[in-house]
2 protein chains.
Amino acid sequence: MIKVVFFDLDDTIADTSRLAEMARKNAIENMIRHGMPADFDTAYSELLDLIREYGSNFNRHFDYLLRRLDIPYNPKWVAAGVIAYHNTKFAYLREVRHVRRTLLKLKEMGLLLGIITDGNPIKQWEKILRLELDAYFDEVLISDFVGVKKPHPKIFRKAIGKFGVEADEAVMVGDRLYSDIYGAKQVGMHTVWFKYGKYADREKEYLKYADFTIEDLKELPEIIEVLNGEGADKEVHAD
Amino acid sequence: MIKVVFFDLDDTIADTSRLAEMARKNAIENMIRHGMPADFDTAYSELLDLIREYGSNFNRHFDYLLRRLDIPYNPKWVAAGVIAYHNTKFAYLREVRHVRRTLLKLKEMGLLLGIITDGNPIKQWEKILRLELDAYFDEVLISDFVGVKKPHPKIFRKAIGKFGVEADEAVMVGDRLYSDIYGAKQVGMHTVWFKYGKYADREKEYLKYADFTIEDLKELPEIIEVLNGEGADKEVHAD
């Protein structure tokens with residue numbers, strides 16, 4: 001009997017990759033509009049390199065971009081980048097399609113819900129609160145706060161411990177085959193791979209750990225029914 | 001002959017003290033609304049103490065607030081504070097009354113305009129750009145970027161040097177008698193004290209360095225005329 005459904009946050013609940021791309025492009029455009037002597041394509045590809053090297057939570061992307069482009073430092077251009085980046089993030093943060101109706105349906109089915117995510121705890125909570133989704137989740141586990149990263153089993157064990165359930169009473173839903181699906185399967189949870197976003201075609205070597213694959217979150221309630229032996233006559237594609 | 005008018009930024013061009021107060025109060029309210037176990041007055045006064053001790057550019061105010069209130073750390077409450085703080089700052093940033101019409105009038109009179117401000121260069125530029133006031137100013141000098149703080153004479157000398165004018169061809173307008181008025185007077189600039197905001201009743205020992213005192217920026221064009229000997233018959237109160 002399934003009692004708890006856990007979700008990853010980025011690109012499973014919050015539509016963040018697309019947002020980050022928009023925010024970065026708008027930042028570069030605004031820097032150029034305020035006089036930064038660079039062309040868009042060069043600056044954007046340099047920014048992507050920089051993010052790959054320093055990580056997305058590095059907080060001096062725009063300073064470093066100027067250095068990498070051999071442009072003299074000007075706080076005006078950095079400010080222009082910061083403004084456009086934040087305005088985009090605040091104005092366009094969206095939930096992934098069908099998130100709210102799915103969460104509501106799962107709640108109606110009597111399930112408990114949780115989030116298991118990596119990343120900066122304050123930034124992750126900002127997304128949940130800005131989307132006004134906090135009331136749906138009984139527990140939010142952020143791996144940085146526990147001191148590990150997914151797929152470390154500690155975060156998944158801690159998650160089921162919080163609810164006092166067995167691993168096979170829990171389902172993990174996420175877009176990352178490695179960190180979400182392989183991670184949850186290690187401790188014995190049921191797994192649903194959400195084939196979405198930039199990881200839809202990556203980490204395929206871990207596909208064998210996915211019990212189900214979905215491309216729309218609204219397929220989830222039916223999968224829970226199948227796992228509970230209530231929907232065995234219905235057509236759901238188990239891998 | 002006056003050629004350049006310099007302005008301070010905070011509480012002279014951008015109405016920032018009132019904004020900061022609103023933002024801080026909204027942050028505390030949102031933290032409490034999301035479950036932080038504290039009463040508003042205690043938390044707000046603790047936050048003010050913290051800002052006094054660590055400075056307003058310290059970036060861990062809300063983390064430290066929890067510690068000072070002996071409340072266990074919860075990134076959700078920090079995120080709630082950060083969101084409300086930023087939303088307020090972005091939504092309610094306003095220019096001081098009559099800024100734009102005054103800048104326009106001074107431009108029509110053929111004057112060059114500059115800003116001389118302390119503070120984090122990126123944050124100061126953010127205010128100027130968000131207010132869409134950058135086109136009015138020929139030079140923006142941020143003391144942190146020069147490596148000094150007002151009233152250090154270096155920043156004022158650098159300012160007149162940028163325009164290639166003599167000190168007595170320049171006017172400094174600001175709300176701080178110490179950093180703006182005493183500072184500018186040291187290098188021989190004309191000074192206009194803008195009696196406004198939280199410094200309206202402080203640092204009175206430096207009042208003797210103010211050539212003029214105004215309570216509304218729209219009095220500035222007439223003061224320039226008086227300094228140029230064109231408006232001597234008009235009533236302007238020189239201190």
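**Guided tour: domains and chain contact**

Begin by colouring chain A by domain: the domain assignment, automatic or from a database, gives domain 1 (4–15 + 95–227) and domain 2 (17–92). The model is predicted: local features need pLDDT of at least 70 and side-chain atom pairs count only at pLDDT 80 or more, while totals for chains, interfaces and linings use all residues. Residues are numbered from 1 along each chain as its sequence is written, and chains are lettered from A and ligands numbered from 1 in the order in which they are written.

Next, place a marker at the C-alpha centre of each domain of chain A; domain 1 and domain 2 are separated by 31 Å between these centres. Then select their contact (C-beta atoms, placed from the backbone, within 7 Å): 5 residues of domain 1 of chain A meet 4 residues of domain 2 of chain A. The domain 1 side comprises 2 polar and 3 charged residues and no nonpolar ones (Ala, Val, Leu, Ile, Met, Phe, Trp, Tyr, Cys and Pro count as nonpolar; Asp, Glu, Lys and Arg as charged; the others, Gly among them, as polar).

Now display chain B as well. Chain A and chain B each bring 15 residues to their contact. On the chain A side, select α4 (75–92) and α6 (121–130), each of which supplies at least two residues; helices are DSSP runs of H or I, at least four residues, numbered from the N terminus. The largest share, 7 residues, belongs to α4(A). By class, this side of chain A has 12 nonpolar, no polar and 3 charged residues.

Finally, superpose the chains by least squares on C-alpha atoms of residues with pLDDT of at least 70 in both. A turn of 180° with a shift of 0.0 Å along the axis lays chain A on chain B with an RMSD of 0.0 Å, which is the relation of a two-fold axis. The copies meet through the same surface, because 100% of the interface residues of chain A are also interface residues in chain B.

Terms used. Contact = placed C-beta atoms within 7 Å.
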